[in-house]
Amino acid sequence: MNRMKPATLLLRTPFLVVTLAAALTCPLVEAQNLRGDEALSKILLPGEGWQLVAEGYKFTDAACSDPEGNFCFADVAAGDSILRVEASGKVSPLVSGTPRISGLKFGPDGRIYACTQSPKKQVVAFEIPSGRMSVLADDVQPNDLVVSRSGDVYFTETGKGQVTWIDRKGGVHVGAKGITAPNGIGLSPDHGMLAVSEYTASNVWVFRIRADGSLDAGERYMELRTPAGSPRSEGDGMTVDADGRYYVTSALGIQMFDSTGRLSGVIERPQPKGTVSAAFAGPGMSYLYACSSDRIYRRKLQVKGTPPAVVRKP
């Protein structure tokens, strides 16, 4: 007996088109999860957009916060200094006479750690305020980095497809391999997990950090949206808020994921130019700062970041 295939019935809402079969078996998921626990409507403040902080640079990158919540960054193309945006909005050098820098983070020892691009590709650390530089890893290809509370340093080597780990004793190891063009990197609030974004693909990997600082249990945990017809997300810099949401800069904007890896939405770029890194900083750590080509922007959110913890020596 011939059986007729049932026609597909489409349910239409302003945000969603699903088949009846899917509706019977799966909960509805809207484009930006407007009714979900981690919706963008619960992150963004009504009427608050991007505010210009500073301009006139060549290529801003290396977004991070200092322990007091001041925003820090570098001009990769111009080189020669690490810059800090004070609470007053004034921009001044934190460290002068530096190499060209593509990644910055403060460590628990109070030093600021950096990925340098020129004249040498290295991972280094600067003492504050003297600016004295120590080389931690040479003959590497670093892009971006993070520093855990335990003093372990993890950095992406995009061309090698790997994350490299500098342990708390100074040893340099391959932390994880097999990642397509790893670029951005971030730590969960408890520093128990490490996330890594892919630039020429669309995955965000997450690894467990073991007690000794090594990485294991790596999985493709988040999926970045890509421009139509392209496999490249251009997943770049990453920051994490105090509740474990991940914010990844990309070709489409800043993509926000909840702590379970679910995409909650895409925050528009502050201008139609590349936005390559972001960090929480400013009063109350409640501003999301973005390095966008020749400018620095910020916007106030309903959530907060966490400043880097510094262990003060007696």
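# Chat about strands, pockets and odd backbone spots

Colleague: Hi! How many bridges join strand 5 to strand 6, and which way do the two run?

Modeller: Four bridges join strand 5 (residues 71-75) to strand 6 (residues 80-85), and the two strands run antiparallel. Bear in mind that this is a predicted model. As for a pair to click on, Phe71 has Val85 in strand 6 as its bridge partner.

Colleague: Nice. Which residue takes a positive phi in the hairpin of strand 5 and strand 6?

Modeller: Gly79 does, with phi near 70 degrees, and that hairpin has four residues between the strands.

Colleague: And how many bridges are there between strand 6 and strand 7?

Modeller: Strand 6 pairs with strand 7 (residues 91-98) over six bridges, in the antiparallel sense. In that pairing, Arg84 stands opposite Ser92 in strand 7. The hairpin of strand 6 and strand 7 has five residues between the strands, and Gly89 there has a positive phi near 95 degrees.

Colleague: Let me zoom out. How many helices and strands are there in the protein?

Modeller: One helix and 26 strands. Of the 314 residues in the protein, 52% are buried. If you take contacts between residues at least 6 apart in sequence, 43% of them join residues at least 24 apart.

Colleague: I was looking at the sheet with four strands. What is its strand order?

Modeller: The order is 12-13-14-15, in an open sheet with antiparallel pairing. Strand 12 (145-147) and strand 15 (172-177) are the edge strands, each pairing on one side only. On average, neighbouring strands of this sheet are turned by 20 degrees against each other, direction ignored.

Colleague: What joins strand 12 to strand 13?

Modeller: Three bridges, with strand 13 covering residues 153-157 and the two strands running antiparallel. Across that pair, Val146 stands opposite Tyr154 in strand 13.

Colleague: Now for my favourite topic. How much space lies in the largest pocket?

Modeller: About 550 Å³. The pocket is lined by 30 residues, and the closest to its centre are Lys105, His191, Thr306, Pro307 and Pro308. Among the elements that give two or more residues to that lining are strand 4 (60-65), strand 8 (100-106) and strand 24 (275-281).

Colleague: How does that lining of the largest pocket divide into nonpolar, polar and charged?

Modeller: There are 18 nonpolar, nine polar and three charged residues in it.

Colleague: What about cavities of 30 Å³ or more: what does the count come to?

Modeller: The count comes to one. The largest cavity has a volume of about 50 Å³. Its lining includes Asp61, Ser102, Lys105, Asp144, Met238 and Ser277.

Colleague: Which strand gives the largest share of that cavity lining?

Modeller: Strand 8, with four residues. Strand 4 and strand 8 each supply at least two residues of the lining. By class, the cavity lining has five nonpolar, four polar and three charged residues.

Colleague: Switching again: is Thr275 buried or exposed?

Modeller: Thr275 counts as buried because its relative accessible area is 5%, with the cut-off for buried at under 20%. Thr275 lies in strand 24. Leaving aside residues up to four places away in sequence, Thr275 touches Thr249, Ser250, Arg269, Pro270, Ala290, Cys291 and Ser292.

Colleague: Last topic, backbone oddities. Which residues does the cis peptide bond with Pro119 join?

Modeller: Ser118 and Pro119, with omega about 10 degrees. Pro119 lies in the loop between strand 9 (112-118) and strand 10 (122-126). Then there is the peptide bond from Ile128 to Pro129, which is cis with omega near 10 degrees. Pro129 lies in the loop between strand 10 and strand 11 (133-137).

Colleague: Why look at those bonds at all?

Modeller: Because most peptide bonds are trans, and most residues other than glycine have a negative phi.

Colleague: OK, so where is Asp139 found?

Modeller: Asp139 is found in the loop between strand 11 and strand 12. Its phi is positive, near 55 degrees, and it is a residue other than glycine. Asp139 is exposed, with a relative accessible area of 70%.

Colleague: And what is the phi of Glu234?

Modeller: About 60 degrees, so positive although Glu234 is not a glycine. Glu234 is found in the loop between strand 19 (215-223) and strand 20. With a relative accessible area of 30%, Glu234 is partly exposed.

Notes:
Residues numbered from 1 in each chain as written. Predicted model: local features only at pLDDT ≥ 70, side-chain atom pairs only at ≥ 80, totals over all residues. Heavy atoms only, no water. Pairing = 2+ DSSP bridges. Axes fitted to C-alpha atoms, helices over the stretch in contact; angles between N-to-C directions. 1 Å grid on protein atoms, 1.4 Å probe; cavity = no way out; pocket = protein on both sides within 12 Å on 5 of 7 lines; lining within 4 Å. Points joined across faces, edges and corners; volume = space filled by probe spheres on them. Nonpolar A, V, L, I, M, F, W, Y, C, P; charged D, E, K, R; others polar. Buried < 20%, exposed > 50% of the residue type's maximum accessible area, 1.4 Å probe, protein only. Contact = heavy atoms within 4.5 Å.
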